[in-house]
Amino acid sequence: MMLRASVQDTGAEFELTSLSGDDAKGTVPHQNLLLDFAETVVLRDRDSAAALRPKLIEALGPAGYLDACAVVAGFHGFTRIADASGVPLDERYLGDAEDVKAQTGVREYDPR
Amino acid sequence: MPDMPSMESLLGVETVDDLRGLARDDLLDAHARAWDWIAGPGTWLTGAERLAVVREVRQAAECDFCRARKDALSPLAVEGEHDHLGELDDAWVEAIHRVATDSGRLSASWVDGLIADGLSDGAYIEIVGLTAMTKMMDAFAWAADVEPPPLPQPRDGAASGYRPPGAKKSDAWVAVVKLEDVSETDGPLYGATAGGVHQALSLVPDSKRAFWALGEPHYIPMDEIRNTDTRVRAISRAQIEILAGRTSALHQCMY
């Protein structure tokens with residue numbers, strides 16, 4: 001939810017549809033590398049990770065690369081506590097929720 | 001595929017501890033504190049039980065039943081039994097494995113079922129926090145291509161059994177403590193933000209505090225959350241949010 005605001009405020013561009021796995025459309029530096037790396041970590045794709053690491057270190061530097069590792073890892077936790085407790089979205093994000101869902105491909109699952 | 005360089009050859013590191021000097025100290029210190037916290041007695045679980053939860057979280061990645069459910073259109077359409085370590089009750093194993101492997105398709109009725117099977121809501125939330133912290137620290141080690149530290153030894157002691165007097169069930173699947181219901185006995189519960197995901201673990205205040213003490217160094221400090229141009233990390237806020245957004249989307253999560 002903070003992506004749109006952070007991109008707009010820094011003068012860059014980024015299409016939220018890129019989060020669903022389509023080719024990234026935008027101007028954020030190294031956006032394709034970042035999207036690929038996040039997917040590689042979530043899917044535990046060892047070969048892809050091994051191929052991406054030297055590129056990420058070259059692009060972001062060791063500290064930037066390790067910060068990227070930290071963010072992806074952090075959202076392995078944030079997502080789980082949100083989804084397992086069923087807390088509703090923060091009120092300030094509700095207005096954007098349907099739009100973001102549609103653009104990112106995140107669907108609601110409710111088997112009740 | 002040709003041999004790819006390992007992190008040992010790229011950065012000369014093999015373990016999380018070797019990252020000192022390369023990664024932020026606050027991040028590595030948070031990992032060390034989290035493992036130490038997990039090894040001690042909790043609110044509803046003992047130290048030994050909490051480390052058994054960690055082992056079960058890792059075992060879930062090897063569970064064929066979880067894999068079949070994850071691949072199914074609906075997880076409820078698949079019947080079977082978890083490949084588990086035999087240390088914990090069935091309801092605990094179900095909670096750990098589902099939260100670890102398919103958290104984007106959980107439901108209120110599933111949580112109600114666990115509680116009907118004898119898992120208390122407090123124990124459930126403590127298990128959720130432990131599962132999320134384990135996934136976070138293991139994902140960092142995997143992403144950085146280093147070995148996580150060996151698990152600590154459990155510390156003796158009884159679980160406190162503390163339940164916040166202001167906890168209520170309202171719009172979440174479990175009881176939470178809203179900002180206006182925080183009691184002095186809960187200890188510090190909220191800082192710059194008190195909505196949404198920050199309420200998720202509030203039924204177990206110690207778990208809530210420990211989770212966010214680990215989580216903030218992975219993302220950004222909460223007092224910087226509204227600063228869309230923050231420079232507190234070695235990558236930009238927009239780059240952080242691209243990583244966060246893609247990771248959340250793959251977990252089928254709006255956060």
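A salt bridge here is a side-chain nitrogen of Lys or Arg within 4 Å of a carboxyl oxygen of Asp or Glu. Keep that in mind for the whole talk. The model is a predicted one. By the salt-bridge rule, the count between chain A and chain B is three. Over all chains, the rule gives 20.

Let me start with chain A. What does its secondary structure come to? Four helices and zero strands. Along the sequence the pattern reads α-α-α-α. Chain A has 112 residues, and 53% of them count as buried. Now take its contacts with a separation of 6 or more. Residues 24 or more positions apart account for 40% of those.

Next, the interface. How many residues of each chain are in contact? On chain A, 75 residues; on chain B, 80. The size of an interface is often given as the accessible area lost when the parts come together. Here, chain A and chain B bury about 7000 Å² between them. Carbon and sulfur atoms carry 71% of that area.

There are polar links too. Across this interface, 13 residue pairs are in polar contact, both residues at pLDDT 80 or more. Which helices of chain A supply the side that touches chain B? Four helices each give at least two residues: α1 (2-9), α2 (31-43), α3 (46-85) and α4 (91-104). The largest share comes from α3(A), with 33 residues. By class, the chain A side has 44 nonpolar, 16 polar and 15 charged residues.

Now the charged pairs. Side chains of opposite charge can pair when their charged atoms come close. Look at Arg246(B) and Glu39(A). Their side chains meet in a salt bridge, at 2.5 Å from N to O.

A second pair is Asp145(B) with Arg53(A), at 3.8 Å from N to O. Why does this pair join two chains? Because Asp145(B) lies in the loop between α7 and α8 (205-218) of chain B, while Arg53(A) sits in helix α3 of chain A. Are the two partners buried or exposed? Asp145(B) is partly exposed, with a relative accessible area of 27%. Arg53(A) is at 4%, so this residue counts as buried.

Move inside chain B. Asp112(B) and Lys169(B) form a salt bridge, 3.7 Å from N to O. This pair links distant parts of the chain. Asp112(B) is in helix α6, and Lys169(B) is in the loop between α7 and α8, 57 residues apart. Asp112(B) is partly exposed, at 38% relative accessibility. Lys169(B) is exposed, at 53%.

One more in chain B. Asp181(B) bridges to Lys168(B), with the closest N and O atoms 3.4 Å apart. Both residues lie in the loop between α7 and α8, 13 residues apart. Asp181(B) is buried, with a relative accessible area of 18%. Lys168(B) is partly exposed, at 48%. There is also a network: salt bridges that share partners join Asp67(A), Arg24(B) and Asp26(B).

Last topic: two helices of chain B. First up is α3(B), residues 47-60. This helix has 14 residues and reaches 20 Å from its first C-alpha to its last. That is close to the 20 Å expected at 1.5 Å a residue. How many of its 14 residues are buried? Ten, so to speak of α3(B) as mostly covered is fair. Among them are Arg50(B), Leu51(B), Val54(B) and Glu56(B). What do the buried residues pack against? Against α2 (25-39), α4 (64-71), α5 (90-101) and α7 (121-144) of chain B.

That brings us to α5(B). This helix has twelve residues and reaches 16 Å from its first C-alpha to its last. The expected span at 1.5 Å a residue is 16 Å, and the helix is close to that. Ten of its twelve residues are buried, and the helix is mostly covered. The buried ones include Trp92(B), Glu94(B), His97(B) and Arg98(B). What covers them? The cover includes α3 of chain A. From chain B, α3, α4, α6 (108-116) and α7 also take part.

To close, go back to the interface. Helix α3(A) gives the largest share of the chain A side. Helix α3(A) also holds Arg53(A), the partner of Asp145(B). And α3 of chain A is part of what covers the buried residues of α5(B).

How values were computed. Residues numbered from 1 in each chain as written. Chains lettered and ligands numbered in written order. Predicted model: local features only at pLDDT ≥ 70, side-chain atom pairs only at ≥ 80, totals over all residues. Heavy atoms only, no water. Contact = heavy atoms within 4.5 Å. Buried area = accessible area lost by both parts, 1.4 Å probe. Polar contact = N/O pair within 3.5 Å; in protein donor to acceptor, adjacent residues only side chain to side chain. Nonpolar A, V, L, I, M, F, W, Y, C, P; charged D, E, K, R; others polar. Expected span 1.5 Å × (residues − 1). Buried < 20%, exposed > 50% of the residue type's maximum accessible area, 1.4 Å probe, protein only.
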